[in-house]
Amino acid sequence: MKQSLIAVILSTVALIANATDRRYELRVDGLACPYCAYGIEKKIKALDGVDMTSVEVKLNDGLVIFQADTPEPFTEISLKTLINDAGFTLRQFQVQALKPENE
Amino acid sequence: MLHVITMKYTVQRTLFPAIAILFMGTFAETASAHDPVFGLGPHTLFKGGVEIHAGAHQEESGEGSETESELQLKYGLSGDWVAGIGVPYVRGNDDDSERGPTNFSTKYRFWRHDSFGTQESMAVLGKVILDDGDSHRGTEPDGNDYLIGLTYGYEGRKWYRWASVRHRINAEATTGLERPNVWLVDLAGGIRFSPTEYHEPDWVWMLELNGELIEHLSRGTGDTGKQLGGEQWFLSPGLMWTYRNFAFKAGVQLPIIKNLSADQPSSDYRALIELEWHL
(Lines give C-alpha, C1' and ligand atoms only; values in the text may rest on other atoms or scores of the structure.)
Protein backbone atom coordinates (compact mmCIF):
# COMPACT_ATOMS: atom_id res chain seq x y z
CA MET A 1 0.00 0.00 0.00
CA LYS A 2 2.78 2.36 0.99
CA GLN A 3 4.76 1.47 -2.13
CA SER A 4 1.72 2.04 -4.33
CA LEU A 5 1.17 5.44 -2.81
CA ILE A 6 4.80 6.40 -3.37
CA ALA A 7 4.57 5.23 -6.99
CA VAL A 8 1.48 7.35 -7.58
CA ILE A 9 3.09 10.40 -6.04
CA LEU A 10 6.29 9.98 -8.04
CA SER A 11 4.33 9.51 -11.27
CA THR A 12 2.37 12.68 -10.62
CA VAL A 13 5.51 14.68 -9.90
CA ALA A 14 7.13 13.31 -13.06
CA LEU A 15 4.13 14.28 -15.13
CA ILE A 16 4.15 17.82 -13.79
CA ALA A 17 7.89 18.07 -14.18
CA ASN A 18 7.76 17.10 -17.87
CA ALA A 19 5.56 20.08 -18.76
CA THR A 20 7.54 23.27 -19.27
CA ASP A 21 6.23 26.78 -19.44
CA ARG A 22 7.63 28.49 -22.53
CA ARG A 23 7.28 31.87 -24.14
CA TYR A 24 6.96 31.99 -27.91
CA GLU A 25 7.67 35.03 -29.99
CA LEU A 26 6.68 34.85 -33.65
CA ARG A 27 7.59 37.45 -36.21
CA VAL A 28 4.76 37.36 -38.74
CA ASP A 29 4.70 39.02 -42.15
CA GLY A 30 1.47 40.25 -43.73
CA LEU A 31 -0.04 41.52 -40.49
CA ALA A 32 -1.63 44.69 -41.81
CA CYS A 33 -5.04 44.81 -40.19
CA PRO A 34 -6.57 43.85 -36.83
CA TYR A 35 -9.58 42.15 -38.38
CA CYS A 36 -7.42 39.82 -40.42
CA ALA A 37 -5.34 38.83 -37.38
CA TYR A 38 -8.25 37.21 -35.58
CA GLY A 39 -7.51 33.90 -37.26
CA ILE A 40 -4.07 33.82 -35.66
CA GLU A 41 -5.50 34.44 -32.21
CA LYS A 42 -8.11 31.74 -32.63
CA LYS A 43 -5.70 29.12 -33.91
CA ILE A 44 -3.12 29.72 -31.21
CA LYS A 45 -5.74 29.55 -28.48
CA ALA A 46 -6.86 26.20 -29.89
CA LEU A 47 -3.45 24.67 -29.18
CA ASP A 48 -3.22 22.46 -26.11
CA GLY A 49 -1.38 24.04 -23.20
CA VAL A 50 -1.61 27.64 -24.37
CA ASP A 51 -2.24 30.24 -21.70
CA MET A 52 -5.24 32.05 -23.21
CA THR A 53 -4.53 35.29 -21.40
CA SER A 54 -0.96 35.43 -22.71
CA VAL A 55 -1.78 35.64 -26.42
CA GLU A 56 -0.77 39.01 -27.82
CA VAL A 57 -0.89 40.29 -31.37
CA LYS A 58 1.29 43.36 -31.85
CA LEU A 59 0.48 44.69 -35.29
CA ASN A 60 2.86 47.63 -35.26
CA ASP A 61 5.76 45.29 -34.42
CA GLY A 62 4.60 42.38 -36.56
CA LEU A 63 4.76 40.10 -33.52
CA VAL A 64 2.60 37.36 -32.07
CA ILE A 65 3.50 36.36 -28.51
CA PHE A 66 2.09 33.66 -26.29
CA GLN A 67 2.98 31.28 -23.48
CA ALA A 68 2.27 27.58 -23.35
CA ASP A 69 2.91 24.84 -20.84
CA THR A 70 3.61 21.63 -22.75
CA PRO A 71 5.83 18.58 -22.40
CA GLU A 72 7.51 19.36 -25.69
CA PRO A 73 7.89 22.74 -27.37
CA PHE A 74 5.90 23.58 -30.44
CA THR A 75 8.10 23.14 -33.47
CA GLU A 76 8.81 25.89 -35.95
CA ILE A 77 7.27 23.82 -38.72
CA SER A 78 4.01 23.35 -36.85
CA LEU A 79 3.77 27.04 -36.07
CA LYS A 80 4.67 27.94 -39.65
CA THR A 81 1.77 25.81 -40.83
CA LEU A 82 -0.53 27.39 -38.27
CA ILE A 83 0.38 30.91 -39.37
CA ASN A 84 0.00 29.97 -43.03
CA ASP A 85 -3.43 28.49 -42.33
CA ALA A 86 -4.33 31.82 -40.78
CA GLY A 87 -3.31 33.53 -44.03
CA PHE A 88 0.12 34.92 -43.13
CA THR A 89 3.82 34.04 -43.23
CA LEU A 90 6.01 33.13 -40.28
CA ARG A 91 9.25 34.98 -40.70
CA GLN A 92 11.06 34.27 -37.43
CA PHE A 93 10.52 32.01 -34.45
CA GLN A 94 11.86 32.24 -30.92
CA VAL A 95 11.05 30.11 -27.90
CA GLN A 96 12.23 30.67 -24.38
CA ALA A 97 11.71 28.42 -21.39
CA LEU A 98 10.30 30.31 -18.45
CA LYS A 99 11.10 27.58 -15.95
CA PRO A 100 14.18 25.38 -15.85
CA GLU A 101 13.57 22.28 -17.93
CA ASN A 102 13.65 19.11 -15.87
CA GLU A 103 15.73 16.27 -17.14
CA MET B 1 -35.31 53.89 -41.89
CA LEU B 2 -32.65 51.82 -43.41
CA HIS B 3 -33.22 51.28 -47.06
CA VAL B 4 -31.73 48.21 -48.51
CA ILE B 5 -30.55 48.42 -52.03
CA THR B 6 -30.23 45.95 -54.83
CA MET B 7 -28.11 46.31 -57.87
CA LYS B 8 -31.03 46.71 -60.20
CA TYR B 9 -32.06 49.23 -62.78
CA THR B 10 -35.57 50.66 -62.87
CA VAL B 11 -37.05 53.27 -65.10
CA GLN B 12 -40.32 51.75 -66.05
CA ARG B 13 -42.15 49.37 -63.76
CA THR B 14 -42.34 46.70 -66.43
CA LEU B 15 -38.65 47.07 -67.20
CA PHE B 16 -37.29 47.33 -63.70
CA PRO B 17 -37.57 43.70 -62.67
CA ALA B 18 -36.13 42.55 -65.98
CA ILE B 19 -33.09 44.75 -65.70
CA ALA B 20 -32.84 44.34 -61.98
CA ILE B 21 -32.15 40.67 -62.04
CA LEU B 22 -29.14 41.20 -64.26
CA PHE B 23 -27.18 41.98 -61.16
CA MET B 24 -28.93 40.09 -58.39
CA GLY B 25 -26.38 38.26 -56.28
CA THR B 26 -23.46 40.29 -57.63
CA PHE B 27 -23.37 42.83 -54.85
CA ALA B 28 -22.94 40.34 -52.06
CA GLU B 29 -19.66 39.09 -53.36
CA THR B 30 -17.98 42.37 -52.70
CA ALA B 31 -17.95 42.41 -48.98
CA SER B 32 -15.20 40.46 -47.33
CA ALA B 33 -12.72 41.52 -44.69
CA HIS B 34 -10.61 44.43 -45.80
CA ASP B 35 -11.86 44.50 -49.32
CA PRO B 36 -13.57 47.38 -51.12
CA VAL B 37 -17.17 48.10 -50.29
CA PHE B 38 -18.43 47.68 -53.88
CA GLY B 39 -15.50 46.19 -55.74
CA LEU B 40 -13.89 42.79 -55.31
CA GLY B 41 -10.83 42.16 -53.15
CA PRO B 42 -8.53 39.17 -52.71
CA HIS B 43 -9.19 38.45 -49.05
CA THR B 44 -10.19 34.93 -48.06
CA LEU B 45 -10.71 33.46 -44.58
CA PHE B 46 -8.48 31.56 -42.19
CA LYS B 47 -8.60 27.79 -42.48
CA GLY B 48 -11.55 26.37 -40.59
CA GLY B 49 -13.03 29.80 -40.07
CA VAL B 50 -16.70 30.61 -40.51
CA GLU B 51 -17.96 33.95 -41.71
CA ILE B 52 -21.51 35.17 -41.21
CA HIS B 53 -22.35 38.03 -43.48
CA ALA B 54 -25.50 40.15 -43.53
CA GLY B 55 -25.83 42.83 -46.15
CA ALA B 56 -28.35 45.37 -47.31
CA HIS B 57 -28.28 47.20 -50.64
CA GLN B 58 -30.58 49.81 -52.07
CA GLU B 59 -30.80 51.45 -55.44
CA GLU B 60 -32.81 54.45 -56.52
CA SER B 61 -33.46 55.03 -60.21
CA GLY B 62 -36.01 57.62 -61.26
CA GLU B 63 -39.30 56.61 -59.72
CA GLY B 64 -38.12 53.12 -59.04
CA SER B 65 -36.28 51.70 -56.10
CA GLU B 66 -35.35 48.28 -55.00
CA THR B 67 -33.90 46.72 -51.94
CA GLU B 68 -31.88 43.59 -51.59
CA SER B 69 -30.81 42.02 -48.34
CA GLU B 70 -28.69 38.94 -48.18
CA LEU B 71 -27.41 36.44 -45.68
CA GLN B 72 -24.18 34.67 -46.54
CA LEU B 73 -22.20 31.92 -44.88
CA LYS B 74 -18.59 31.30 -45.80
CA TYR B 75 -16.08 28.68 -44.77
CA GLY B 76 -12.30 28.77 -44.95
CA LEU B 77 -11.18 25.66 -46.77
CA SER B 78 -7.60 26.78 -46.37
CA GLY B 79 -5.80 29.98 -45.56
CA ASP B 80 -6.14 30.95 -49.23
CA TRP B 81 -9.45 29.40 -50.26
CA VAL B 82 -12.98 30.19 -49.16
CA ALA B 83 -16.39 28.92 -50.25
CA GLY B 84 -19.80 30.29 -49.46
CA ILE B 85 -23.52 30.26 -49.98
CA GLY B 86 -25.89 33.21 -50.05
CA VAL B 87 -29.62 33.78 -50.11
CA PRO B 88 -30.96 37.23 -50.96
CA TYR B 89 -34.37 38.76 -50.44
CA VAL B 90 -35.68 41.49 -52.68
CA ARG B 91 -38.30 44.16 -52.19
CA GLY B 92 -39.36 46.42 -55.01
CA ASN B 93 -41.63 49.40 -55.49
CA ASP B 94 -44.70 47.41 -54.62
CA ASP B 95 -43.22 46.40 -51.26
CA ASP B 96 -43.65 42.73 -52.07
CA SER B 97 -40.74 40.80 -50.70
CA GLU B 98 -39.43 37.95 -52.77
CA ARG B 99 -36.68 35.45 -52.21
CA GLY B 100 -33.88 35.96 -54.67
CA PRO B 101 -31.76 33.28 -56.29
CA THR B 102 -29.45 31.17 -54.15
CA ASN B 103 -25.82 31.63 -55.01
CA PHE B 104 -22.69 29.58 -54.44
CA SER B 105 -19.29 31.19 -54.58
CA THR B 106 -15.66 30.37 -54.12
CA LYS B 107 -12.56 32.53 -54.05
CA TYR B 108 -9.01 31.25 -54.32
CA ARG B 109 -6.02 33.40 -53.50
CA PHE B 110 -3.38 32.04 -55.83
CA TRP B 111 -0.60 34.53 -55.07
CA ARG B 112 0.40 36.17 -51.86
CA HIS B 113 3.44 38.20 -50.88
CA ASP B 114 3.80 39.01 -47.20
CA SER B 115 6.28 41.45 -45.76
CA PHE B 116 6.49 43.43 -42.54
CA GLY B 117 3.12 45.13 -42.09
CA THR B 118 1.98 44.56 -45.67
CA GLN B 119 0.28 41.92 -47.75
CA GLU B 120 -0.11 41.87 -51.51
CA SER B 121 -2.22 39.19 -53.12
CA MET B 122 -4.28 38.12 -56.09
CA ALA B 123 -7.34 35.91 -56.23
CA VAL B 124 -9.86 34.45 -58.62
CA LEU B 125 -13.54 34.26 -57.95
CA GLY B 126 -16.21 31.95 -59.27
CA LYS B 127 -19.90 32.19 -58.58
CA VAL B 128 -23.06 30.53 -59.79
CA ILE B 129 -26.41 32.19 -59.27
CA LEU B 130 -29.22 29.65 -59.50
CA ASP B 131 -32.56 30.27 -61.13
CA ASP B 132 -34.48 29.24 -58.02
CA GLY B 133 -35.64 32.69 -56.99
CA ASP B 134 -39.25 33.78 -56.80
CA SER B 135 -40.97 35.08 -59.90
CA HIS B 136 -40.07 38.50 -61.25
CA ARG B 137 -43.14 39.10 -63.31
CA GLY B 138 -42.10 36.76 -66.03
CA THR B 139 -38.49 37.80 -66.26
CA GLU B 140 -37.00 35.06 -64.15
CA PRO B 141 -33.91 33.45 -65.63
CA ASP B 142 -34.18 30.21 -67.52
CA GLY B 143 -30.92 28.79 -66.25
CA ASN B 144 -28.07 29.78 -63.99
CA ASP B 145 -26.11 32.98 -64.16
CA TYR B 146 -22.35 32.87 -63.71
CA LEU B 147 -19.81 35.31 -62.40
CA ILE B 148 -16.04 35.08 -62.70
CA GLY B 149 -13.56 37.57 -61.37
CA LEU B 150 -9.92 38.45 -60.92
CA THR B 151 -8.66 40.77 -58.23
CA TYR B 152 -5.46 42.30 -56.88
CA GLY B 153 -5.02 43.92 -53.51
CA TYR B 154 -2.35 45.68 -51.45
CA GLU B 155 -2.90 46.05 -47.75
CA GLY B 156 -0.61 48.00 -45.49
CA ARG B 157 -0.71 49.52 -42.04
CA LYS B 158 -1.73 52.84 -43.61
CA TRP B 159 -2.50 52.48 -47.33
CA TYR B 160 -4.74 50.17 -49.33
CA ARG B 161 -5.27 49.69 -53.04
CA TRP B 162 -7.31 47.25 -55.09
CA ALA B 163 -8.14 46.50 -58.69
CA SER B 164 -10.63 43.97 -59.98
CA VAL B 165 -12.53 42.85 -63.02
CA ARG B 166 -15.62 40.66 -63.05
CA HIS B 167 -17.73 39.25 -65.83
CA ARG B 168 -21.28 38.24 -65.29
CA ILE B 169 -22.83 35.86 -67.82
CA ASN B 170 -26.59 36.00 -67.64
CA ALA B 171 -28.95 33.31 -68.86
CA GLU B 172 -31.95 34.14 -70.98
CA ALA B 173 -35.27 34.72 -69.27
CA THR B 174 -37.99 32.10 -69.35
CA THR B 175 -39.93 34.31 -71.77
CA GLY B 176 -37.04 34.23 -74.23
CA LEU B 177 -36.01 37.72 -73.18
CA GLU B 178 -32.30 38.27 -73.52
CA ARG B 179 -30.48 39.45 -70.43
CA PRO B 180 -27.30 41.27 -71.35
CA ASN B 181 -23.97 40.21 -69.93
CA VAL B 182 -22.05 42.67 -67.81
CA TRP B 183 -18.43 43.58 -67.16
CA LEU B 184 -17.61 45.16 -63.80
CA VAL B 185 -14.36 47.05 -63.38
CA ASP B 186 -13.23 48.47 -60.05
CA LEU B 187 -10.36 50.56 -58.74
CA ALA B 188 -10.17 51.44 -55.08
CA GLY B 189 -7.91 53.10 -52.56
CA GLY B 190 -8.07 53.22 -48.82
CA ILE B 191 -6.35 54.80 -45.88
CA ARG B 192 -6.05 54.05 -42.19
CA PHE B 193 -5.17 57.33 -40.57
CA SER B 194 -4.13 55.81 -37.26
CA PRO B 195 -2.21 52.51 -37.07
CA THR B 196 -4.37 50.79 -34.49
CA GLU B 197 -3.37 47.75 -32.49
CA TYR B 198 -5.25 44.47 -32.35
CA HIS B 199 -7.72 45.18 -29.54
CA GLU B 200 -8.65 48.61 -30.80
CA PRO B 201 -11.46 49.76 -33.09
CA ASP B 202 -10.08 50.18 -36.56
CA TRP B 203 -11.22 52.58 -39.30
CA VAL B 204 -10.34 52.37 -42.98
CA TRP B 205 -11.71 55.03 -45.32
CA MET B 206 -12.09 54.13 -48.98
CA LEU B 207 -12.81 55.70 -52.35
CA GLU B 208 -13.70 53.58 -55.35
CA LEU B 209 -14.20 54.02 -59.05
CA ASN B 210 -16.70 51.39 -60.22
CA GLY B 211 -17.53 50.80 -63.86
CA GLU B 212 -20.35 48.75 -65.33
CA LEU B 213 -20.21 47.84 -68.99
CA ILE B 214 -23.50 46.33 -70.10
CA GLU B 215 -23.72 44.38 -73.33
CA HIS B 216 -25.64 46.13 -76.07
CA LEU B 217 -28.84 44.41 -77.11
CA SER B 218 -30.78 45.78 -79.99
CA ARG B 219 -33.62 43.27 -79.73
CA GLY B 220 -34.48 44.62 -76.31
CA THR B 221 -37.42 43.28 -74.41
CA GLY B 222 -40.01 41.43 -76.42
CA ASP B 223 -42.20 43.53 -78.67
CA THR B 224 -41.06 46.87 -77.34
CA GLY B 225 -37.80 46.79 -79.28
CA LYS B 226 -35.87 48.69 -76.68
CA GLN B 227 -32.18 49.42 -76.88
CA LEU B 228 -30.24 48.22 -73.88
CA GLY B 229 -26.63 48.38 -72.87
CA GLY B 230 -23.99 50.97 -72.28
CA GLU B 231 -21.73 51.92 -69.44
CA GLN B 232 -21.97 53.68 -66.15
CA TRP B 233 -19.20 54.83 -63.84
CA PHE B 234 -19.56 55.57 -60.17
CA LEU B 235 -17.49 57.35 -57.59
CA SER B 236 -18.01 55.55 -54.32
CA PRO B 237 -16.87 56.70 -50.89
CA GLY B 238 -17.02 54.10 -48.17
CA LEU B 239 -15.63 53.01 -44.87
CA MET B 240 -14.89 49.85 -42.94
CA TRP B 241 -14.93 49.70 -39.18
CA THR B 242 -13.71 46.62 -37.38
CA TYR B 243 -13.11 45.36 -33.89
CA ARG B 244 -11.36 42.05 -33.46
CA ASN B 245 -13.69 39.63 -35.32
CA PHE B 246 -16.54 41.99 -36.21
CA ALA B 247 -16.74 44.28 -39.22
CA PHE B 248 -19.10 46.97 -40.43
CA LYS B 249 -18.96 48.34 -43.96
CA ALA B 250 -20.91 51.13 -45.57
CA GLY B 251 -20.72 53.02 -48.81
CA VAL B 252 -22.60 54.92 -51.45
CA GLN B 253 -22.22 54.84 -55.23
CA LEU B 254 -22.73 58.13 -57.04
CA PRO B 255 -22.91 58.05 -60.83
CA ILE B 256 -20.41 60.33 -62.53
CA ILE B 257 -20.43 59.09 -66.12
CA LYS B 258 -23.39 57.66 -68.01
CA ASN B 259 -23.19 56.45 -71.55
CA LEU B 260 -26.25 54.33 -71.87
CA SER B 261 -28.50 53.22 -74.69
CA ALA B 262 -31.80 55.01 -75.04
CA ASP B 263 -33.81 52.53 -73.03
CA GLN B 264 -31.18 51.50 -70.51
CA PRO B 265 -32.16 52.80 -67.08
CA SER B 266 -29.56 54.67 -65.10
CA SER B 267 -29.05 54.78 -61.39
CA ASP B 268 -29.52 57.84 -59.23
CA TYR B 269 -27.52 56.35 -56.41
CA ARG B 270 -26.86 53.12 -54.60
CA ALA B 271 -26.03 52.50 -50.98
CA LEU B 272 -24.79 49.51 -49.06
CA ILE B 273 -24.43 48.48 -45.42
CA GLU B 274 -22.93 45.18 -44.31
CA LEU B 275 -22.11 43.36 -41.11
CA GLU B 276 -19.64 40.54 -40.83
CA TRP B 277 -18.54 38.16 -38.11
CA HIS B 278 -15.65 35.75 -38.12
CA LEU B 279 -16.06 32.70 -35.89
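Helix α2 of chain A, which spans residues 38-45, is largely enclosed by the rest of the structure, because six of its eight residues are buried. This is a statement about a predicted model, and it can be followed residue by residue: the buried members of α2(A) are Y38(A), G39(A), I40(A), E41(A), K43(A) and I44(A). What do the buried residues of α2(A) pack against? Within chain A they pack against β2 (56-58), β3 (63-70) and α3 (76-85), and from chain B the strand β13 (269-278) joins these partners.

To place this helix in its setting, it helps to look at chain A as a whole, which has three helices and four strands. Read from the N terminus on, these elements follow one another as α-β-α-β-β-α-β. Of the 103 residues in chain A, 32% are buried. Among the contacts in chain A that link residues at least 6 apart in sequence, 66% join residues at least 24 apart.

The four strands form an open sheet in the order β2-β3-β1-β4 of chain A, with antiparallel pairing. At the edges stand β2 and β4 (89-97) of chain A, each of which pairs on one side only, and neighbouring strands of the sheet are turned by 20° against each other on average, direction ignored. Inside this order, strand β1 (residues 20-29) of chain A runs antiparallel to β3(A) and is joined to it by eight bridges; for instance, Y24(A) has F66(A) in β3(A) as its bridge partner. Helix α3(A) lies across β1 and β4 of chain A, and its direction makes an angle of about 135° with β4(A).

A single residue of the edge strand β2 of chain A, K58(A), can serve as an example. Is K58(A) buried or partly exposed? Because it has 15 C-beta neighbours inside 10 Å, K58(A) counts as partly exposed. When its neighbours within four places in sequence are left aside, K58(A) is in contact with L63(A) and also with E197(B). D29(A), by comparison, is 29 residues from K58(A) in sequence, and the two are 12 Å apart in space, C-alpha to C-alpha.

The contact with E197(B) leads on to the meeting of the two chains, where 28 residues of chain B are in contact with 23 residues of chain A. On the side of chain B that touches chain A, the elements that give two or more residues are β5 (103-115) and β6 (118-129) of chain B. The residues on this side of chain B divide into six nonpolar, 14 polar and eight charged.

Chain B also offers a clear illustration of a strand pattern. In a regular strand the side chains alternate between the two faces of the sheet. Along strand β9 (residues 182-191) of chain B, V182(B), L184(B), D186(B), A188(B) and G190(B) point to one face and are buried, while W183(B), V185(B), L187(B), G189(B) and I191(B) point to the other face and are not buried. Strand β9(B) pairs in the antiparallel sense with strand β8 (residues 159-169) of chain B over 10 bridges, and L184(B) is the bridge partner of R166(B). Another 10 bridges join β9(B) to strand β10 (residues 202-217) of chain B, again antiparallel, and here L187(B) has L209(B) as its bridge partner.

Finally, the confidence of the prediction deserves attention. Chain A averages a pLDDT of 88, and 85% of its residues score at least 70. Within chain A, confidence is lowest in helix α1 (residues 2-18), at a mean of 68, and highest in α3(A), at 97.

Notes:
Residues are numbered from 1 along each chain as its sequence is written. Chains are lettered from A and ligands numbered from 1 in the order in which they are written. This is a predicted model: local features need pLDDT of at least 70, side-chain atom pairs count only at pLDDT 80 or more; totals for chains, interfaces and linings use all residues. Two residues are in contact if their C-beta atoms, placed from the backbone, lie within 7 Å. Ala, Val, Leu, Ile, Met, Phe, Trp, Tyr, Cys and Pro count as nonpolar, Asp, Glu, Lys and Arg as charged, and the others, Gly among them, as polar. A residue is buried if 20 or more other C-beta atoms lie within 10 Å of its own, exposed if 12 or fewer, and partly exposed in between; C-beta atoms are placed from the backbone. Two strands pair if DSSP finds at least two bridges between them. Axes are lines fitted to C-alpha atoms, for helices over the stretch in contact, and angles run from 0 to 180 degrees between N-to-C directions. pLDDT is the predictor's confidence in each residue, from 0 to 100.
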